[in-house]
Amino acid sequence: MIKLENVHKYFERQHVLKGIDLNVQKGEVVSILGPSGSGKSTLLRCINFLEEPTRGIVEIGGRRVDAQSAKKADIVSLRNSTGMVFQQYNLFKNFTVLQNVMIGLTSVKRIHKAEAKKQSIEILERVGLADRLDHYPAQLSGGQQQRVGIARALALEPEVLLFDEPTSSLDPELVGEVLATIRKVADEGNTMLIVTHELQFARAISDRVVFMEDGKIVEEGTPEQLFNHPKVERTKQFLSRANRND
Amino acid sequence: MENLLDINFLIDSFPAIISRLPVTIGIAVGSLILSLFIGVATALIKIYRVPVLRVISAIYVSFIRGTPLLVQIYLVFYGIPKIIYYMQIEYGWLQSADVNSIPPEVYALLAFSVNLGAYLSETIRSAIESVDRGQFEASKSIGMTPAQMMLKVIFPQALATAIPNLGNMFISTIKDTSLVFIIGVIDIMGEAKILGSRGLAFFEVYIAVSIVYWILCIAVERLLVKVEKRARRYERGIA
Ligand SMILES: Nc1ncnc2c1ncn2[C@@H]1O[C@H](COP(=O)(O)OP(=O)(O)OP(=O)(O)O)[C@@H](O)[C@H]1O
Ligand SMILES: [Mg+2]
């Protein structure tokens, strides 16, 4: 479903992604772990070209995009086949919950308003927010806002969902409801790439876990392999340090 | 006994002055609308660092801020007809325009739009930049075009933020329109001048006209408070 080949990203002189190769199958849930600054967010953002990779190939659902010759239509296509959930939710503050979810359907997919509304309400029911349709983001808790963020990403039925630390801005008592929603979305068979610091969650939800360090994928494997029998020294250190902090 | 004021004359002058309110309001509102387009365009040029246009718009803003409004009004009033005439003679352009039939209100509208646009530019730019980056990114991530993003997400929020500043500038503009009589527009000020010289009662008519400006500005301020409340309703914690 997703295929990254030798993806590099430079910010000015700084080499942030140093040749990433990654394959994600349809329906697979892959978590990306790694220390702060290792390039996890940048990797996710290169997939939908919120950051343009300096070079390399991004392929989603069969459409191959070479970063060095990417056209507008390629970027549109990548954005249409991905949905993103942000650490800071990034809801449209001037829109209600319902409008936040509908906007993609009406203005990007050009679906008729009544139909878009119906679909949006169904999605909001799935994330448990059907009773908050007319609230503005400012009237919601962080957990509720993030569930709207998930609903907004789901609305366009993307082939791939990208989550960038979806629970890192939340008060601890709100983390659970968002994780439960993400798990539900995973159980529905969605293809997902999740950057997270919630190790237990990553372990429980993922088909595969990727460990990044300094712009490279250092190790990857099933949660069982990576958490119980890490091969690489850096992964061991990271996991033991993270576990101590838990 | 000598009267300080001819009260009757003062009161009698109101209907005529008020009958010119549409001119004053028309120029103020019309130039507000036009200047919003100029302000948004120059703000976007600056934000997106558009080559060439960026320099032109910087010079424009600096020129307007650095020269008196009165001079700008004269420049438009005397300059535009000359330019049109020149183009007709030299290039055969704009043949259908009859320079002499352009009413002075049009020049006033142009001058005020160009003036206000330069002042709005900076306010609008900072209002657009005050919308957090995350919402720009979210719009892109769901595949909205830049135009959709700006019109539906960014501008409404930027406008809400900018309303207090826009409002102050609009009120200044209302008061500045009192200059337009110099190019022959008969607004409320122009009317006051005419009445004053007819009855040789300038003090009276200027008191009358100042009261009209004052009430107008108070009304606009009230209206702005309502508009702002409405525009920012999404920021508050109630539905
Ligand atoms: N827009 C940018 N401009 C310049 N440098 C950037 C930019 N975005 C990220 N970086 C740099 O790239 C490196 C990787 O950042 P990135 O945000 O991808 O890390 P991360 O693994 O997501 O970290 P965290 O766990 O803290 O979110 C960092 O050194 C960061 O400073
Ligand atoms: Mg990050």
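## Close-up views of chains A and B

**View 1. Helix 1 of chain A gives the largest share of the shell around ligand 1, three residues.** The model is predicted. In this model, 14 residues surround ligand 1. The closest are Ser36(A), Gly37(A), Lys40(A), Ser41(A) and Thr42(A). Two elements of chain A, strand 2 (14-24) and helix 1 (40-47), each supply at least two shell residues. By class, eight residues of the shell are polar, three are charged and three are nonpolar.

**View 2. Polar contacts link ligand 1 to Gln14(A), Gly37(A) and Glu165(A).** Gln14(A) uses its side chain: a polar atom there lies 2.9 Å from an oxygen atom of ligand 1. Gly37(A) uses its backbone, with a polar atom 2.8 Å from a ligand oxygen. At Glu165(A), an N or O atom of the side chain is 3.2 Å from an oxygen atom of ligand 1. On its own, ligand 1 has 640 Å² of accessible area, and the protein covers 62% of this.

**View 3. Glu165(A) combines a ligand contact with a positive phi.** This residue sits in the loop between strand 7 (160-164) and helix 6 of chain A. Its phi is near 45 degrees, a positive value in a residue other than glycine. The relative accessible area of Glu165(A) is 11%. The cut-off for buried is under 20%, so Glu165(A) counts as buried.

**View 4. Helix 1 of chain A is largely enclosed by the rest of the structure.** The reason lies in burial: seven of its eight residues are buried. They are Lys40(A), Thr42(A), Leu43(A), Leu44(A), Arg45(A), Cys46(A) and Ile47(A). One of them, Lys40(A), is also among the residues closest to ligand 1. Thr42(A) is likewise buried and among the closest to the ligand. Just after the helix, Phe49(A) takes a positive phi of about 60 degrees.

**View 5. Helix 6 of chain A has a buried side and exposed residues on the other side.** The helix runs over residues 172-187, 16 residues in total. From first C-alpha to last it reaches 23 Å, close to the 22 Å expected at 1.5 Å a residue. Its buried residues are Leu174(A), Val175(A), Val178(A), Leu179(A), Thr181(A), Ile182(A), Val185(A) and Ala186(A). They lie on the same side of helix 6 because they cover an arc of only 160 degrees around the axis. An α-helix has 3.6 residues a turn, so residues three or four places apart point the same way. On the other side of helix 6, Glu173(A) and Asp187(A) are exposed.

**View 6. Tyr89(A) has a positive phi although it is not a glycine.** The value is about 65 degrees. Tyr89(A) lies in the loop between strand 6 (82-85) and helix 3 (97-108) of chain A. At 10% relative accessibility, this tyrosine counts as buried.

**View 7. The side chain of Thr196(A) contacts the backbone of Glu198(A).** A polar atom of the threonine side chain lies 2.9 Å from the backbone nitrogen of Glu198(A). Thr196(A) is placed in the loop between strand 8 (191-195) and helix 7 (199-205) of chain A. Its relative accessibility is 3%, so Thr196(A) counts as buried.

**View 8. Chain B has nine helices and zero strands.** Read along the sequence, its pattern is α-α-α-α-α-α-α-α-α. The C-alpha trace spans about 80 × 60 × 30 Å along its principal axes. Chain B has 239 residues, of which 40% count as buried.

**View 9. Lys46(B) is 8.3 Å from Ala58(B) in space, C-alpha to C-alpha.** In sequence the two are 12 residues apart. Lys46(B) belongs to helix 2 (residues 21-47) of chain B. This lysine is partly exposed, with a relative accessible area of 44%.

**View 10. Pro68(B) lies in the loop between helix 3 (53-66) and helix 4 (69-91) of chain B.** At 47% relative accessibility, this proline counts as partly exposed. Pro68(B) and Gly39(B) are 29 residues apart in sequence. Their C-alpha atoms are 19 Å apart in space.

Definitions and conventions: Residues are numbered from 1 along each chain as its sequence is written. Chains are lettered from A and ligands numbered from 1 in the order in which they are written. This is a predicted model: local features need pLDDT of at least 70, side-chain atom pairs count only at pLDDT 80 or more; totals for chains, interfaces and linings use all residues. Side-chain values use heavy atoms; hydrogens and water are left out. A residue is near a molecule or strand if one of its heavy atoms lies within 4 Å of it. A polar contact is a pair of N or O atoms within 3.5 Å; within protein, one must be able to donate a hydrogen and the other to accept it, and residues adjacent in sequence count only if both atoms are side-chain atoms. Accessible areas come from the Shrake-Rupley method with a 1.4 Å probe; for residues, only the protein chains shown count as cover. Helices (H or I, at least four residues) and strands (E, at least two) are DSSP runs, numbered from the N terminus. Ala, Val, Leu, Ile, Met, Phe, Trp, Tyr, Cys and Pro count as nonpolar, Asp, Glu, Lys and Arg as charged, and the others, Gly among them, as polar. The expected span of a helix is 1.5 Å times one less than its number of residues. Buried means under 20% relative accessible area, exposed over 50%, partly exposed in between (1.4 Å probe, protein chains only). The arc is that of the directions from the helix axis to the C-beta atoms.
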